[in-house]
Amino acid sequence: MSAKAISEQTGKEFLYKYICTTAAVQNRFCCATVTADTVWDRLTQDHPWLLTERLVVKPDQLIKRRGKLGLVAVDLNLEGVQEWLKSHLMTEITVGKVKGILKNFLIEPFVPHYQEEEFYVCIYASREGSQVLFHHEGGVDVGDVDTRAQKLSVRIDDKLTEETVTQQLLKNVTDEKKEVLANFIIGLFNLYEDLYFTYLEINPLVVTKDGVYILDMAAKIDSAADYICKPRWGDVEFPPPFGREAYPEEAYIADLDAKSGASLKLTLLNPKGRIWTMVAGGGASVVYSDTICDLGGVDELANYGEYSGAPSEQQTYDYAKTILSLMTREKHPDGKVLIIGGSIANFTNVAATFKGIVRAIKDYQGPLKENEVTIFVRRGGPNYQEGLRVMEEVGKTTGIPIHVFGTETHMTAIVGMALGHRPIPNQPPAAAHTANFLLNTSANATTPARTRNTSFSEHKLTNSVTDVMTPTAGVPPAKATTLFSRQTKAIVWGMQTRAVQGMLDFDYVCSRDEPSVVAMVYPFTGDHKQKFYWGHKEILLPVYKNMADAMKKHPDVDVLINFASLRSAFDSTMETLLYPQIHTIAIIAEGIPEALTRKLIKSADEKGVTIIGPATVGGIKPGCFKIGNTGGMLDNILASKLYRPGSVAYVSRSGGMSNELNNIISHTTDGVYEGVAIGGDRFPGSTFMDHVLRYQDTPGVKMIVVLGEIGGTEEYNICQGIVDGRITKPVVCWCIGTCATMFSSEVQFGHAGACANQASETAVAKNQALQEAGAFVPNGFDELGDVIKFVYDDLVANGIIVPAQEVPPPTVPMDYSWARELGLIRKPASFMTSICDERGQELIYAGMPITEVFKEEMGLGGVLGLLWFQRRLPRYACQFIEMCLMVTADHGPAVSGAHNTIVCARAGKDLVSSLTSGLLTIGDRFGGALDAAAKQFSKAFDSGLLPMEFVNKMKKDGMLIMGIGHRVKSINNPDMRVQILKDFVKQHFPSTQLLDYALDVEKITTSKKPNLILNVDGFIGVAFVDLLRTCGGFTRDEADEFIEIGTLNGIFVLGRSIGFIGHYLDQKRLKQGLYRHPWDDISYVLPEHMSM
């Protein structure tokens, strides 16, 4: 949702803090909030005026007409306010059909004034600009301001002037107040624009001789502008509509949504209800809610929500487990149903999202059975067959009744099944698998013969811009009737390789002569070429760093598809509008602030450019061109016959529902001629009427389908067009969102524009008006396909449509990655790993999520155990590992590794080079004794040699005993590092057989020479063997294998890296220069004849 209501206190704080006006605004920041948890002493300390002023108290919970409802108490002292609140705070009231509890109240100073000092002012956004309403008689009896108030339309980028305000708004105001009011309204309008308000109403606005007082205020801001206004807004809390509680689960999903590029929405309507939904797609979620309510389920509908925009498996899991947790908290006598529905996805991998849902079902299988939950599933889109398969499988393995359906079943048919209004088929028809019609058996890589390109009734057009009229001077150029043709060429903004490849595959299957995408623009890399496939053949498309180069080198391009993010989509689109060659722009991003979108619309209208979007998947013209991911993958393109034109054109808001319309139209008519999803924002770049009129003027279009939506009044323009005779072709229309009038409280649906601000904007009112105007309107979405078929059959019977003969499309080879995703091929992996997985939502170490690692406080030793040994080691083992790292971290600058690191650092090398230089010295002579000692002592102990026999054997073989001996330390000057480790090992290890054996060897060697002690390398080596063999986590073979593959030297390498890095940083900090070894420390021993 974009326009969100804020509390009265938040709105007034914004006004008091940021308004810039010469009018004296009084009582700034004199607002105190009271809840059930308020401590009055603390409140009066923070707001001392409460003790001295006469006061007003009222609820601040988005309740309209509080004065009429008796919810405002005036002219009280603090004691009076407290007494009044005793009978109102935490009490339940009914406002209209809504019941709710009064929880939040606002206390302000009471302003004595006369009725004639009350005024009404309101500013709200419209497509063309902003509307300012003013009435000289404000207050509770203001009445119907739409008919009574003075109105001023402010076009986009225009500014208010004192003269304009005075002349057009203040006609009925006395002269002494005109200047103050004009200055205040100008300041208010500037505040409204600067802080991205979408609605701002003050009633009453009181003007006395002392200044201006803001008594009551209602406001909405554009939440999409958060990235712009965050420094001034701060953290805004958006209160729920009155009568609906704010649940922590809703906040949790909202937080997931904010952190995700996908869309995740959840609104709880009735937590005790038996009908729960988990629907993919903003438009589809509304359709499912409509159908549930139409079939009598409104009182049992528990939630509204949607997930869309290709959420990951983990994100879908988090969303699903939240819903399953909520629905299994309380049993229902009739059991419960879960409807997992959705339209045919354009680009979301259905299998990936369903795997997240399946994980959640498995986790909650017990509670689901206890609550007698039955699940109904219907979905289509990329890899949906695999998604449906895993759903069926989890039903069989868990015993939960799950009924699964694909695109062969009407989208909302499962609602009737779930509510008992239609039978559940035993065996739904099996949909063809993707692989059945994508793999080509021919080795021919040439462009295939052209398939059917027109219906027999279509008038042939040669170019996409031939119908653009030459503009008259001073008049904005007319927009093209035909946006796309078989010659259309496009530039794609953004590195969207998957979408581009989809467009090229569509071009190929439509038998276009050449690709529709000629270049890409991506400012974050230099100019280069990107590889794509044209059928079987590899081709290169240029990628430009800046748009100017792309436009200059491709003058035949007339379409730009903008995949820029919501933060950069405005700037990149405005730049595109500078190039006259562009006639159509598709903006994919969702969440562009409304004010910026309206500026885009104005600029595009001035230049005669058609904008599709924002917040859209795009559009498609079968046989000619498709935008980005529209129409889904090739299996859906072929199943819906989008590779050749039909006779039916459609326009919808929803991208997912446009794909559903492709499916419905392909099953009930000769197919789609063109389809456009204008986007779900309140102010889309182009409107329903724009496209309906294009279709009316396009000979190849014989009938028009419109999928309207709750919110806005655009559908009434279609009504007027039909009545006036401007639209003569049959129009089938249905507006979704009929359920909204059945809900007791306001629900914001998935699309930003799907919210009715007045009765005429409801879906019910618009459907009725369309029917009365002469459009074909079904009784519900369930009947939409039947009505389309009825109109189409009539056109065929009258000879207006002559269906063309079907010609099979050319085959397109499947991408290797997608074939692997579908399980059609297998390939040996180049790498195998068993210790870490970073692909999901959370990093996993040896099967343990990183959050659990921190939760269990495993420390560095625990992480090393997971990554090196794939086991969760005992606490004492983790501590021992950390102690080993501490004692091996450094041994001074004189040892070879540290010396090399220092020399390298002083030569000006970077940290990695210097560290590597030191690490390369580690081997048999330096630091390699851990592994060698472990192996030597283990072999001797395991073969049964006595300590004396081992010493004698090593002496006889002329070999050193690794881990024995120290340059400085001796039996009389023991190494404290060894002593610390020995005390810990003796106290915590279950057994120390090998260590005891090594200590017996030490007794023999030190009797010969006192410095032949068990050194720290030897101690760690033998103690680690004891640890691996006796901690209970390893078999004997596993323990021996870890010793054999060099694990113990890793301890020295890891520990000593700490010291080497320390030496590097020390040298840099001391700013030491290039090292040169002194001559007097070098013995020059040259051959005698050479020295002569």
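**Figure 1. Surroundings of Ile-561 in the predicted model.** When neighbours within four places in sequence are set aside, Ile-561 is in contact with Ala-490, Ile-491, Val-492, Trp-493, Met-503, Ala-586, Ile-588, Phe-625, Ile-627 and Gly-628. Ile-561 is also among the residues with the most contacts inside the largest nonpolar core, a set of 106 residues in which Phe-625, Met-703, Val-705, Val-706, Ile-718 and Phe-781 are listed alongside it. The element that gives the most to this core is helix α15, spanning residues 497-509, with 7 residues. A second core, separate from this one, has 75 residues and includes Ala-519, Val-557, Tyr-579 and Leu-600. As background to both views, nonpolar side chains in soluble globular proteins tend to be buried together.

**Figure 2. The chain as a whole, for orientation among the close-ups.** The chain has 38 helices and 35 strands, and its C-alpha atoms fill a box of roughly 115 × 90 × 80 Å when the box is taken along the principal axes. Of the 1092 residues in the chain, 55% are buried. Among the contacts between residues at least 6 apart in sequence, 73% join residues that are at least 24 apart.

**Figure 3. Helices α17 and α18 where they meet.** The axes of α17, residues 569-576, and α18, residues 594-607, come within 10 Å and cross at roughly 5°; because angles under 35 degrees count as roughly parallel, the two helices are described as roughly parallel to each other. On the α17 side the contact is made by Phe-570, Thr-573 and Met-574, and on the α18 side by Leu-596, Lys-599, Leu-600 and Ser-603. Sorted by class, the residues of this contact are 4 nonpolar, 2 polar and 1 charged. One of the α18 residues shown here, Leu-600, is also included in the second nonpolar core of 75 residues.

**Figure 4. Strand β32 and its pairing with β31.** Strand β32, residues 731-736, is mostly covered, with 6 of its 6 residues buried. Val-731, Cys-733 and Cys-735 point one way from the strand, whereas Val-732, Trp-734 and Ile-736 point the other way, and all are buried. Strand β31, residues 703-709, pairs with β32 in the parallel sense over 6 bridges, and within this pairing the bridge partner of Leu-707 is Trp-734 in β32.

**Figure 5. An open sheet of 4 strands with helices packed on it.** The strands are arranged in the order β15-β17-β18-β19 with parallel pairing, and the edge strands, each of which pairs on one side only, are β15 (275-277) and β19 (402-405). Neighbouring strands of this sheet are turned by 15° against each other on average, with direction ignored. At one edge, β15 pairs with β17, residues 336-340, in the parallel sense over 3 bridges, and the bridge partner of Thr-277 in β17 is Ile-339. Helix α10, residues 313-327, packs on the sheet and touches β15, β17 and β18 (373-378), and its direction makes about 165° with that of β17. Helix α13, residues 384-398, likewise packs on the sheet, touching β17, β18 and β19, and its direction makes about 165° with that of β19.

**Figure 6. Gly-305 in strand β16 and its contacts.** Gly-305 is found in strand β16, residues 303-308, and counts as buried because its relative accessibility is 1%, set against a cut-off of under 20%. Apart from neighbours within four places in sequence, Gly-305 is in contact with Lys-265, Leu-266, Thr-277, Val-279, Ser-285 and Tyr-319. The C-alpha atoms of Gly-305 and Gly-281, which are 24 residues apart along the chain, are separated by 9.1 Å.

**Figure 7. Ser-640 in a loop.** Ser-640 lies in the loop between α19 (634-639) and β29 (648-652), and is buried, with a relative accessible area of 1%. When neighbours within four places in sequence are left aside, Ser-640 is in contact with Asn-662, Asn-663 and Ser-666.

**Figure 8. An open sheet of 3 strands.** The order of the strands is β33-β34-β35, with antiparallel pairing, and the edge strands are β33 (836-837) and β35 (848-849), each pairing on one side only. Strands β33 and β34, the latter comprising residues 844-845, run antiparallel and are joined by 2 bridges; the bridge partner of Asp-837 in β34 is Ile-844.

Terms used
Residues numbered from 1 in each chain as written. Predicted model: local features only at pLDDT ≥ 70, side-chain atom pairs only at ≥ 80, totals over all residues. Heavy atoms only, no water. Buried < 20%, exposed > 50% of the residue type's maximum accessible area, 1.4 Å probe, protein only. Contact = heavy atoms within 4.5 Å. Core = buried A, V, L, I, M, F, W, Y, C linked by side-chain atoms within 4.5 Å. Pairing = 2+ DSSP bridges. Axes fitted to C-alpha atoms, helices over the stretch in contact; angles between N-to-C directions. Parallel < 35°, antiparallel > 145°, perpendicular 65-115°, else oblique. Nonpolar A, V, L, I, M, F, W, Y, C, P; charged D, E, K, R; others polar.
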